[in-house]
Amino acid sequence: MLPKQMSSPEGESPREVLLEVDQVTLRFGGVVALDDVSFTLRKGEILGLIGPNGAGKTTCFNAMTGVYRPSSGQVRFAGTQVSGRKPHQINRMGIGRTFQNIRLFPEMTALENVLVGTDARHKTSVVGALFRLYRVKAKPEELPVVDAANGAVRSWQQVRRAFARVLGISRHTLEERAGEHKALELLRFVGIADRANELARNLPYGYQRRLEIARALATEPQLLCLDEPAAGFNPAEKADLLQLIRRIRDNGYTVLLIEHDMRLVMGVTDRIVVLEFGKKIAEGTPAEVRENPKVIAAYLGVPADAA
Amino acid sequence: MTDILRKVNDSRQRVTGGIGERWRALPRWQRWLGFAAFVAFLYYLPYLGIPGLVWLRTDYISNGTNWASVLFICAVYVLVAIGLNVVVGLAGLLDLGYVGFFAVGAYSVALFGSANSPVVHMIQAQFGMPKGWAVAWAVCIPLALVLTMISGVILGWPTLRLRGDYLAIVTLGFGEIIRIVARNSEWAGAAQGINGIPGPQGAPSPDNHIFGLLDAKPWYWLALTVVLVMVFAVRRLENSRVGRAWLAIREDEDAAAVMGVHGFKFKLWAFAIGAALGGISGLLFASRQGFVEPLGFNAQLSILFVAMVVVGGSGNMAGVALGAFLLAYLPERFRDFNNVRVLVFGLALVLVMLLRPQGLIPSRRRARELKDRAEEAPVNVA
């Protein structure tokens with residue numbers, strides 16, 4: 001099962017603020033992509049970020065994950081300033097994300113893609129991988145197994161087991177093994193373990209989308225940002241994805257979801273923030289947002305009698 | 001013309017195409033045994049006398065070069081190629097100034113190990129060392145390693161923010177800078193270079209019976225041993241978190257960063273490791289030769305190094321080793337052709353690039369990456 005995250009006990013409210021987007025403005029030359037956008041995200045909730053095309057949803061993600069630096073304003077994660085840090089540092093702080101236009105490592109297998117994610121929490125670097133000097137005392141289940149039928153191979157395995165018992169196991173080996181174990185578990189969790197050893201580029205579209213989620217989860221984020229995870233899905237696949245997002249939340253993750261499909265957003269989110277032309281025009285529960293005239297106008301156009 | 005060549009190549013592929021697959025399908029112990037036999041053969045190579053293979057020797061032709069010397073140069077170049085492969089093949093950073101690190105390695109053993117070098121004279125004067133004193137060869141090895149790694153970091157720190165062609169241009173400049181600095185600095189021996197570079201047995205002298213000037217066999221065995229150790233080391237890196245990070249950076253640097261890969265750190269490591277390997281090969285080269293001069297480290301050599309990696313198959317250690325061996329060996333073996341030698345060599349390179357742009361033994365992944373790129377680009381070669 002997916003590793004449970006530390007979360008505050010149920011019913012304790014208001015829950016701790018995890019992410020704070022505070023008056024963020026982002027300009028590209030003369031274009032204002034985000035204009036004074038503020039919202040907060042509490043631990044354990046699913047927040048939907050919606051808006052028409054070009055409203056600035058993905059830009060907002062990019063400002064949060066360090067791809068862009070806000071022109072003004074701040075993004076705070078668990079009380080720490082995020083803006084100005086490098087993407088890998090922000091990942092280490094606990095923000096994981098997927099991409100709207102799938103950006104897997106195409107020539108790596110599904111498993112290897114997730115392994116790159118698990119590596120984010122590993123420590124082995126060049127020296128550790130070369131000399132394997134950091135030894136860790138191995139638990140009994142981590143010792144090399146003796147299972148060969150062939151006598152010679154069997155004695156060799158026994159020698160290795162004896163050595164591992166005395167000298168411990170290198171951190172490199174332990175991390176590789178733990179990473180592989182976790183990666184397979186995550187692939188199972190998102191439901192694509194049957195093609196773990198296939199190249200990412202050869203996977204069907206739906207599998208690639210799920211693989212992106214698995215890879216992001218592998219970095220052990222507290223906050224998972226999903227950028228249109230259901231783009232191009234049929235209704236059945238969307239229903240599956242809805243289930244998956246709920247399961248991710250139930251495991252203690254906080255989810256920020258960009259999505260076009262209103263039904264999906266309404267069905268899964270606790271709160272919704274609506275952007276239009278880089279400005280926040282509404283915020284509230286799905287029911288509130290659905291009734292909000294500004295949102296209706298943004299999505300359906302302004303009715304003739306109101307114009 | 002190319003059609004005919006392609007047809008020939010296709011029929012060759014039918015014969016040799018499955019070798020890699022069949023090799024990988026063998027049980028592990030059989031592959032180990034095969035590899036051990038191959039290594040034993042490599043150590044035996046200087047005595048090569050198997051009927052039918054004798055013609056491979058470079059001294060088989062009249063006025064041919066000493067066979068063991070050629071083997072030594074081949075081993076040094078293989079080491080260079082393995083180092084450059086870390087940078088170009090694994091991390092995907094095109095380095096056109098690799099000769100710079102080769103030169104730094106060669107010069108560090110020259111400047112600190114030779115009793116004739118201005119640097120050693122300076123140390124002698126400063127610390128009251130006796131005349132003829134110099135840093136021991138064994139001490140020069142870690143010294144060269146550290147100095148080349150530092151030079152790799154110095155080159156990488158400001159330039160690794162650049163990508164693709166821009167990086168290539170800057171590295172090309174780096175190689176030239178090293179050569180020109182050595183050429184114009186009195187402390188580096190200036191244009192006439194430095195002689196009296198020591199080997200494992202100390203400064204060159206007629207009493208050096210093992211690592212002497214005449215017999216190159218021990219030198220070859222030494223270089224071969226270093227190559228094998230380095231192959232083992234790079235293999236370990238490749239199959240670890242580090243190798244995966246390099247691969248992820250090569251495939252999609254931005255996505256890798258968002259997944260927590262510290263791109264700059266791992267690219268810098270690639271540069272430092274590549275530099276260290278280049279430095280070690282430079283050190284071996286200088287020790288065997290006994291002297292260094294700036295002229296020996298020109299940009300042409302850099303291009304040759306990159307050619308070895310590209311011809312052999314960027315990203316695959318067996319491939320780049322083969323590429324380096326061929327590019328060092330063939331010109332020596334075909335000394336008969338004399339004037340047209342370079343022309344034949346150039347033609348051979350063009351042929352390889354036409355028929356096998358991914359290299360002789362490509363990395364499976366790199367081959368696919370190349371193919372994807374070729375398919376994306378709408379080129380019409382008719």
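Colleague: In the open sheet of four strands in chain A, which are the edge strands?

Modeller: In this predicted model, the sheet is open, has antiparallel pairing and follows the order β2-β1-β4-β5 in chain A. An edge strand pairs on one side only, and this applies to β2 (31-42) and β5 (80-81) of chain A.

Colleague: Which residue of β2(A) is the bridge partner of Glu20(A)?

Modeller: Strand β1 of chain A, residues 17-28, pairs with β2(A) in the antiparallel sense, and eight bridges join the two. Within β2(A), the bridge partner of Glu20(A) is Thr40(A).

Colleague: At what angle does helix α1 of chain A run to β2(A)?

Modeller: Helix α1 covers residues 57-64 of chain A and lies across β1, β2 and β4 (72-77) of that chain. Relative to β2(A), the helix runs at about 70°.

Colleague: What is the average twist from one strand to the next in the open sheet of six strands?

Modeller: That sheet has mixed pairing and the strand order β6-β9-β10-β3-β11-β12 in chain A. Its edge strands are β6 (95-97) and β12 (279-284) of chain A. From one strand to the next, the twist averages 20°.

Colleague: Which helix of chain A packs on this sheet, touching β11 and β12?

Modeller: Strand β11 comprises residues 271-276 of chain A. The helix that touches β11 and β12 has a direction at about 125° to that of β12(A), and spans residues 293-300. It is helix α11 of chain A.

Colleague: Are the residues of strand β10 of chain A buried or exposed?

Modeller: The side chains of a regular strand alternate between the two faces of the sheet, so each face has to be considered. On one side of β10(A) stand Thr254(A), Leu256(A) and Ile258(A), and on the other Val255(A) and Leu257(A). Both faces are covered. Of the five residues in 254-258, five are buried.

Colleague: Which residue stands opposite Ile258(A) in β10(A)?

Modeller: Strand β3 of chain A, residues 46-50, pairs with β10(A) in the parallel sense over four bridges. Opposite Ile258(A) stands Leu49(A).

Colleague: Through which helix does the chain cross from β9(A) to β10(A)?

Modeller: Strand β9 (residues 223-227) of chain A is joined to β10(A) by five bridges in the parallel sense. Leu223(A) stands opposite Thr254(A), and Cys225(A) opposite Leu256(A). The β-α-β crossover between these strands is right-handed, and its helix, residues 235-250 of chain A, is α8.

Colleague: Which helix gives the largest share of the largest nonpolar core?

Modeller: This core has 178 residues, and those with the most contacts inside it include Ala75(B), Tyr77(B), Leu79(B) and Ala81(B). The largest share amounts to 20 residues and comes from residues 67-90 of chain B, helix α4.

Colleague: With which residues is Ala75(B) in contact, leaving aside its neighbours within four places in sequence?

Modeller: Ala75(B) is among the residues with the most contacts inside the largest nonpolar core, and Ala223(B) is another. With the sequence neighbours set aside, the contacts of Ala75(B) are Tyr220(B), Ala223(B), Leu224(B) and Val227(B).

Colleague: Which element supplies the largest share of the side of chain A that touches chain B?

Modeller: The contact takes 29 residues from chain A and 26 residues from chain B. By class, the side of chain A has twelve nonpolar, nine polar and eight charged residues. At least two residues come from each of α2 (87-93), α3 (110-119), α4 (126-131) and α6 (171-190) of chain A. The largest share, five residues, comes from α3(A).

Definitions and conventions
Residues numbered from 1 in each chain as written. Chains lettered and ligands numbered in written order. Predicted model: local features only at pLDDT ≥ 70, side-chain atom pairs only at ≥ 80, totals over all residues. Buried ≥ 20, exposed ≤ 12 C-beta atoms within 10 Å, placed from the backbone. Pairing = 2+ DSSP bridges. Right-handed = clockwise from strand over helix to strand, strands pointing away. Core = buried A, V, L, I, M, F, W, Y, C linked by C-beta atoms within 7 Å. Contact = placed C-beta atoms within 7 Å. Axes fitted to C-alpha atoms, helices over the stretch in contact; angles between N-to-C directions. Nonpolar A, V, L, I, M, F, W, Y, C, P; charged D, E, K, R; others polar.
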